[in-house]
Amino acid sequence: MTSLNSTTMVAQSPARYNRGMILLHWATALLVVVLFVTAEVWDFGERGGAFRTNLKLVHYAAGILLTVVFICRIVWRAISSKSIPEAEQGLMGLAAKGAHY
């Protein structure tokens, strides 16, 4: 009997996105959180102060990076030959499909 560990089964599963797409997904999530937090926190700094200026720089850089990651996600999805099967049927399946494109 062959022993398979969970990482081998995950890597061979056709119902999963590849590692690059997963990495881009989590990079998007992290950058959105950074953008939100920096936008909310910079009002606590004094106008023209170093704290507020540095937060704005981080916010702008994260926004630029998010744009690059978003473009990479679109390109990766367009050139990727893998297609994920629909998890749901009917209206929920259409909504899920629409949200992922």
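Biologist: Leaving aside neighbours within four places in sequence, with which residues is V69 in contact?
Modeller: This is a predicted model, and everything said here describes that model. V69 is one of the buried residues of helix α3, and what covers the buried residues of that helix includes α2, residues 19-41. Once the neighbours within four places in sequence are set aside, the contacts of V69 are L24, A27, T28 and L31.

Biologist: Which residues make up the largest nonpolar core, and which helix gives the largest share?
Modeller: The largest nonpolar core has five residues in all, namely L24, L31, L35, A62 and V69. Both α2 and α3 supply at least two residues of this core. The largest share, three residues, comes from helix α2.

Biologist: Is A27 buried, partly exposed or exposed?
Modeller: A27 belongs to helix α2, and V69 is in contact with A27. The relative accessible area of A27 is 24%, and because buried would require under 20% and exposed over 50%, this residue falls in between. A27 is therefore partly exposed.

Biologist: How many Å separate the C-alpha atoms of A27 and L66?
Modeller: Along the chain, A27 and L66 are 39 residues apart. A29, which also has its place in helix α2, can be set beside this pair: its C-alpha atom is 9.3 Å from that of L66, with their positions 37 residues apart in the chain. For A27 and L66, the C-alpha separation is 8.1 Å.

Biologist: What is the relative accessibility of A29, and in which class does that place the residue?
Modeller: A29 is found in helix α2, whose buried residues are G20, M21, L24, T28, L31, L35 and T38. The relative accessibility of A29 is 29%, so with limits of under 20% for buried and over 50% for exposed, the class of A29 is partly exposed.

Biologist: Why does the length of α2 agree with what is expected of a helix?
Modeller: Helix α2 has 23 residues, and at 1.5 Å a residue these should span 33 Å. The computed distance can then be set beside that expectation, and the two agree because the end C-alpha atoms of α2 are indeed apart by 33 Å.

Biologist: What distance does α3 reach from its first C-alpha to its last?
Modeller: Helix α3 covers residues 50-79, which is 30 residues. At 1.5 Å a residue, the expected reach is 44 Å, and the model comes close to this with 43 Å.

Biologist: Over the ring of which residue does the charged end of K56 sit?
Modeller: Aromatic rings can be looked at in more than one way, and the structure holds zero aromatic pairs. A charge over a ring is nevertheless present, with the charged end of K56 placed 5.3 Å from the centre of the ring of W42.

Biologist: For the chain as a whole, what percentage of its residues is buried?
Modeller: The chain has four helices and zero strands, and from the N terminus on its elements run α-α-α-α. Its accessible surface comes to about 8100 Å², with 68% of that belonging to carbon and sulfur atoms. Of the 101 residues in the chain, the buried share is 17%.

How values were computed: Residues are numbered from 1 along each chain as its sequence is written. This is a predicted model: local features need pLDDT of at least 70, side-chain atom pairs count only at pLDDT 80 or more; totals for chains, interfaces and linings use all residues. Side-chain values use heavy atoms; hydrogens and water are left out. The expected span of a helix is 1.5 Å times one less than its number of residues. Buried means under 20% relative accessible area, exposed over 50%, partly exposed in between (1.4 Å probe, protein chains only). Contact means heavy atoms within 4.5 Å. Rings of Phe, Tyr and Trp (its six-membered ring) pair if their centres lie within 6.5 Å; planes under 30 degrees apart count as stacked, over 60 as edge-to-face and the rest as tilted. A charge sits over a ring if NZ of Lys or CZ of Arg is within 6 Å of the ring centre and within 35 degrees of the ring normal. Accessible areas come from the Shrake-Rupley method with a 1.4 Å probe; for residues, only the protein chains shown count as cover. A nonpolar core is a set of buried Ala, Val, Leu, Ile, Met, Phe, Trp, Tyr and Cys residues joined through side-chain atoms within 4.5 Å.
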